[in-house]
Each structure stands twice: as structure tokens, then as C-alpha cells.
Amino acid sequence: MAIKNDVVLNVKAKGISKASGGIDKLSKGMGSLAMKVGALAGVYFGTKGLISAFTSSVKIASDLEQGVREIGTLMGGITTKQVGDLSHQLSIMSGQFGQTFDALTKANYDIVSAGFSDIAQSQKVLATSSKLAVAGVTDVAKASDLLTSALNSYGKTADDVDDVADSLF
């Protein structure tokens, strides 16, 4: 999602730049005060939209980092590199499975709370939960709750998560 926002920001910035240049030429040619005011308003609102998109991107990144740090705290602490790696994995899963960062971090937190506190284990359960959510037309939190409950009830490990998901589906 952050990558998409960056692309949108770049496209909007280029578009606003080109539009304002074209509007300047048009307003000089027209010589009309109304045209100049309209052009300024268009550039202003375009810039305002760009600023809003930038602000949203920063908030999404901040929320992701906050969620990852909460997960790390629950795991007993993780290094800065692990924070970056976990954020990267969540970013990949978000694009792969169409889940928001917020949904993925909350589900990951619940997975760690359910006893899958190793980063690799929690990521394996989260990835399978994301697949199950898409296939079962539900959200990742419900899928992860179902999977962790089944795994814990039957004394299974994260290595068994794919088999359990297949059985449930």
C-alpha cells in the first residue's frame, strides 16, 4: 500500500507541475483575472490533495511501525533489523493477499498472543491465515483466530498450519 501511495504521489506531483505550467500559459494568453484566480485555485486544491496523500502515506507507515513494535514487545523484544524485516514481510503480504497493514499487524499480534512467538512461526501462521481469509471470504483476524485455536487445541505447531488450514477449508 505504501508503494502504491508513493507512485500516486509521484504521478500527482508530475501532473500538478505540468498542469500549473499549462495553466500559466493559458492564463497569460487569456489575460483574464478570473482565469488566473481559477488557475491558482486549481493549483492550490491540487497541492492540498497532494499534501493529503503524503500525510496519509506517512500515517500508514507510522501505524505499521507502531504495530510491529507492539508485536516485538509481545515477543520479548526484537532488534531494529527484525522490525524492518517484519515490516517488509507485512508489506509483501499486504500486496499478495489484499490485506491492510492494520489488519495484518492486529492478526499478527493475536497470533503471537496465542503462543506463536517466534518471528518465523508467527509469519508462517499469518501467511496461511491470509490465504485462508481470501479463500474463505473472511478477514485475516477471524482466519488467524480459527487457525491458532485449532493448532493449540490439537497440540500442533506452526509447521502444521497448512495442513490444518486445508482441513478447515
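**Group meeting talk: a seven-helix protein model**

Good morning. The protein exposes about 10100 Å², and carbon and sulfur atoms supply 60% of that area. Accessible areas here come from the Shrake-Rupley method with a 1.4 Å probe, and for residues only the protein chains shown count as cover.

Some ground rules. This is a predicted model, where local features need pLDDT of at least 70, side-chain atom pairs count only at pLDDT 80 or more, and totals for chains, interfaces and linings use all residues. Residues are numbered from 1 along each chain as its sequence is written, and side-chain values use heavy atoms, with hydrogens and water left out.

Now the overall fold. The protein has seven helices and zero strands. Along the sequence, the pattern reads α-α-α-α-α-α-α. Helices (H or I, at least four residues) and strands (E, at least two) are DSSP runs, numbered from the N terminus.

How much of the protein is buried? Of its 169 residues, 29% count as buried. Buried means under 20% relative accessible area, exposed means over 50%, and partly exposed is in between, with a 1.4 Å probe and protein chains only.

Next, contacts. A contact means heavy atoms within 4.5 Å. Take the contacts with a separation of 6 or more: 58% of them join residues 24 or more positions apart.

Let's look at two residues in helix α4. N108 is found there, and I111 has its place there too. Start with N108. It counts as buried because its relative accessibility is 0%. Which residues does N108 touch, not counting those up to four places away in sequence? They are I71, L86, S122, Q123 and L126.

Now I111. Its relative accessibility is 0%, so I111 counts as buried. Leaving out residues up to four places away in sequence, I111 touches F116, S122, V125, L126, S129, S144 and T148. Look at L126 in your viewer. I111 and L126 are 15 residues apart along the chain, and their C-alpha atoms are separated by 7.3 Å.

Over to helix α3, which holds Q89. With a relative accessible area of 35%, Q89 is partly exposed. Q89 and A127 are 38 residues apart in sequence, yet 9.5 Å apart in space, C-alpha to C-alpha.

On to charges. How many salt bridges does the structure hold? Three. A salt bridge is a side-chain nitrogen of Lys or Arg within 4 Å of a carboxyl oxygen of Asp or Glu.

One salt bridge joins the side chains of D85 and K81, at 2.9 Å from N to O. Both residues lie in helix α3 (residues 80-97), four residues apart, which is about one turn of the helix. D85 counts as partly exposed because its relative accessibility is 37%. K81 has a relative accessible area of 58%, so K81 is exposed.

Another links K106 and D102, with 3.3 Å from N to O. These two sit in helix α4, four residues apart, again about one turn of the helix. D102 is partly exposed, at 46% relative accessibility. Remember D102, please.

Then there is K142 with D139, where N to O is 3.7 Å. K142 is exposed, with a relative accessible area of 55%. D139 counts as partly exposed, at 31%.

A quick backbone stop: V137. It is found in the loop between α5 (119-135) and α6 (140-153). V137 has a positive phi of about 50°, although it is not a glycine. Is V137 buried or exposed? Exposed, because its relative accessible area is 75%.

Last topic: the largest pocket. It contains about 230 Å³ of space. The search uses a 1 Å grid over the protein atoms alone; a pocket is an open set of points where a 1.4 Å probe fits, with protein on both sides within 12 Å along at least five of seven lines, and lining residues have an atom within 4 Å of a point. Grid points are joined across faces, edges and corners, and the volume is the space filled by probe spheres set on the points.

The largest pocket is lined by 13 residues, and the closest to its centre are D63, L64, F101, D102 and T105. There is D102 again, from the salt bridge with K106. Which elements give two or more residues to this lining? They are α2 (33-74) and α4 (101-113). The largest share, six residues, comes from α2.

By class, the lining has six nonpolar, three polar and four charged residues. Ala, Val, Leu, Ile, Met, Phe, Trp, Tyr, Cys and Pro count as nonpolar; Asp, Glu, Lys and Arg count as charged; the others, Gly among them, count as polar.

That's my tour. Thank you.
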